[in-house]
Amino acid sequence: MNAVIPILENVKDSLGLFSVLSRPNNMKLFLASIEGVKISPSTLSDLNLTRKKYYKALKQLKGVNLVERSKGIYSPTTFGKIVYQRNIVELIQYRKYFEEINAIDTIKATLTP
């Protein structure tokens, strides 16, 4: 149990990050920011967000250093790009093999006494 405590201390920042990304409005805006996003009526309509929800999501994403503003356009920070690649793109790739992964877990469960 004592070995878990240092690990928990090291992942506190990650827990905050995942908490922010777990909110649907935040995730929509984060994904849109990958191509660069600027507030406009069409952006709000495309993302199905009110102005208030847009700014709330933006504030939270900026708070965990995922997006930044440059020349009026919000795009991912370097950290945001890493989070996108490692947690969104790779997760989508692994989901392709979901059935195979489940089969491995089933086999392991039957082999374990």
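## Helix α4, end to end

Let's start with helix α4, which covers residues 51–63 (helices are DSSP runs of H or I with at least four residues, numbered from the N terminus). Its 13 residues, at 1.5 Å a residue, should span 18 Å, and its end C-alpha atoms are indeed 18 Å apart. The expected span here is 1.5 Å times one less than the number of residues.

This is a predicted model, in which local features need pLDDT of at least 70 and side-chain atom pairs count only at pLDDT 80 or more, while totals for chains, interfaces and linings use all residues. Residues are numbered from 1 along each chain as its sequence is written, and side-chain values use heavy atoms, leaving out hydrogens and water.

## Two faces of α4

Which residues of α4 are buried? They are Tyr 54, Ala 57, Leu 58 and Leu 61 (buried means under 20% relative accessible area and exposed over 50%, with a 1.4 Å probe and protein chains only). These residues cover an arc of only 100° around the axis, so they sit on the same side of α4; the arc is taken from the directions from the helix axis to the C-beta atoms.

The face turned away from that buried side carries the exposed residues Lys 52, Lys 56, Lys 59 and Gly 63. After α4 comes Asn 65, with a positive phi near 65°.

## A buried serine

Now look at Ser 33, in helix α2 (residues 24–33). Ser 33 has a relative accessible area of 1%, so it counts as buried. Beyond its neighbours within four places in sequence, Ser 33 is in contact (heavy atoms within 4.5 Å) with Val 67, Tyr 74, Ser 75 and Pro 76.

Conventions: Helix = DSSP H or I, 4+ residues; strand = E, 2+ residues; numbered from the N terminus.
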